Amino acid sequence: MNIQRVHYCTKHDSSMGPVVYWMSRDQRMYDNWALCLAQSQALEKNVPLFVVFCLMPRFLDATHHHYHFMLKGLREVELSLKTKNIPFVLLLGNALDTLPAFLEKHGAGTLITDFTPLRHSRAERSLLCQRLRIQVIEVDAHNVVPVRIASSKLEYGAYTIRPKLQRLLPEFLEEFPAIVKHPYLCAGPMPEVQWEHAVSTLRAAARSGGTAACESGEAAARAVLKDFIANKLAGYGAHRNDPTLDAQSRLSPYLHFGHIAAQRIALDVQSQAEAAPAAEYLEELIVRRELSDNFCLYNEHYDTFDGFPAWARQSLNEHRKDARTHLYTLEQFESAGTHDLLWNAAQCELLATGRMHGYMRMYWAKKILEWSASPEEAMTIAVYLNDTYELDGRDPNGYAGIAWSIGGVHDRAWFDRPVFGKIRYMNANGCARKFDVNAYCAKFSRGA
Ligand code: FAD
Ligand code: FO1
């Protein structure tokens, strides 16, 4: 495996004792670079290999729906690992409270972690590294080109990161090694995972509303990919921005929870599709998605007004006092209670299915800017609603998508207008030029 995927978090050498992969963002057995490295280290040292998942009682604004989807996927991982003699251990509580004791008890010699750019997880990881006296290695199993290798700084936009990614893709877009049946078994039997009890430890926000009907887990993700390549990819470029059509891949929840590797999707799309549609899809899957991880890793204010580029902050400041044609509270937005039928339909799609079409997310967020008392309030409302209702929420793509819509991140300045300043503007007329707005509203408005 390409050694540039490896990031040493502590100075300690690897010592004898089992290798532990602390699974977090990349919740899968197949096509997982962190697990590949963990197994190769354990085979080299002739020691057992464990996979551990630390179940946090709360995770940002995740609700029970999101946890249900995630836990179902983890049960599948447990069963897949069992066929490879690799125990799956579910620790109940934050890693900082549970992992050190587990590592101590089993005399672990090496800890492998996967990679996330989000601040809470990164803070927890660095605190853990200060406390542990064993080797800790982080592997970016989420991106095709590891974020730190793609760029060592905050990128301005797709146009600046794209050439860097394109230059590195031939080196990193490679096949994965298989996970083999592990020959070294741990001494005693590992405790059975108490899945029902685990659910009782959750403190996640309960909420009404539906969830996307999509099935959770690795096998389901592969089936969705197969169907997308066979039936939708050819029309993706032409139809992906039409929310009345089902033209997107619907892979984002599986990418968010790590049920499938973006690299697997890219390899399959490249080998099974025509060049043009493949390129259009990979632009979103690789350039846009990896730009989001770059944004969250190198901009600590990725979910607030302070994370906007200087030109956008200045422009929005100049328009703070502009009269708003409408002003709504979080509750009014949340209940799809604005004057705008199209915006309400988008919010109803989100409430009913746990997913909003990608094109509508731009319109949805931009109108929150237009109808909130300040850009800061707009960010708070958009991030809260996105993280509470989107099955693919709580993700760098969400923070980057909202910051693009409200704060011009990864975008350029447009001509000045009330409230928006130089932030790109969108309105219902623009949408009507792109798709059948009435059809979309009929499909998703309340009572539809
Ligand atoms: P497809 O069009 O099939 O794209 C395939 C994959 O490419 C996506 O799963 C995603 O990983 C990536 N991708 C596509 N468009 C983008 C983009 N604009 N930015 C980054 N990556 C992209 N995406 C999330 O995963 N979680 C979110 O919470 C989220 N919130 C968003 C909020 C706003 C305001 C905006 C403007 C965009 C947001 N996005 C988010 C990005 C994008 O809308 C979704 O990734 C996409 O709609 C998911 O559906 P799909 O997988 O069918 O997309
Ligand atoms: N990761 C974990 O390691 N433990 C959790 O309990 C956990 C819960 C969770 C709930 C919703 C959700 O959207 C993601 C969740 N994650 C959890 C995964 C999380 O995305 C990654 O662990 C990274 O920390 C963030 O990228």
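Select Cys-441 to start. In this predicted model, Cys-441 counts as buried, because its relative accessibility is 12%, and buried means under 20%. Now add Cys-431 to the selection: its sulfur is the nearest cysteine sulfur to that of Cys-441, 9.4 Å away, and Cys-441 is in no disulfide.

Go next to Cys-36. This residue also counts as buried, with 9% relative accessibility. Which cysteine has the sulfur closest to that of Cys-36? Select Cys-9 to see it: the two sulfurs are 18 Å apart, too far for a bond. A disulfide needs the sulfur atoms within 2.5 Å, and the structure as a whole holds zero disulfides.

Now turn to the backbone. Select Leu-60, in the loop between strand 3 (49-55) and helix 2 (64-82). Leu-60 is not a glycine, yet its phi is positive, about 50 degrees. With a relative accessibility of 24%, Leu-60 counts as partly exposed.

Follow helix 2 to the loop between it and strand 4 (88-92), and select Asn-85 there. Asn-85 is another residue other than glycine with a positive phi, in this case near 60 degrees. Is Asn-85 buried or partly exposed? Its relative accessible area is 29%, so Asn-85 is partly exposed.

The last stop is ligand 1. Show the residues around it: there are 25, and those that come nearest are Tyr-236, Ser-249, Arg-250, Asn-386 and Asp-392. By type, the shell divides into eight nonpolar, 11 polar and six charged residues.

Select Ser-249 and look for a polar side-chain atom 2.5 Å from an oxygen atom of ligand 1. At Tyr-236, an N or O atom of the side chain is 2.6 Å from an oxygen atom of the ligand. At Leu-251, look at the backbone instead: a polar atom there is 3.3 Å from an oxygen atom of ligand 1. Taken alone, ligand 1 exposes 820 Å², and the protein buries 93% of that.

Colour the helices next. Helix 10 (252-256), helix 12 (275-298), helix 16 (358-370) and helix 18 (396-407) are the elements that give two or more residues to the shell around ligand 1. Which of the elements gives the most? Select helix 12, which gives six residues.

To finish, colour domain 2 (150-178 + 218-298) and domain 3 (305-444) separately. Both give residues to the shell around ligand 1, so the ligand lies between them.

Terms used. Residues numbered from 1 in each chain as written. Chains lettered and ligands numbered in written order. Predicted model: local features only at pLDDT ≥ 70, side-chain atom pairs only at ≥ 80, totals over all residues. Heavy atoms only, no water. Near = heavy atom within 4 Å. Polar contact = N/O pair within 3.5 Å; in protein donor to acceptor, adjacent residues only side chain to side chain. Areas by Shrake-Rupley, 256 points an atom, 1.4 Å probe, with all protein chains shown as cover. Helix = DSSP H or I, 4+ residues; strand = E, 2+ residues; numbered from the N terminus. Nonpolar A, V, L, I, M, F, W, Y, C, P; charged D, E, K, R; others polar. Domains from an automatic or database assignment. Buried < 20%, exposed > 50% of the residue type's maximum accessible area, 1.4 Å probe, protein only.
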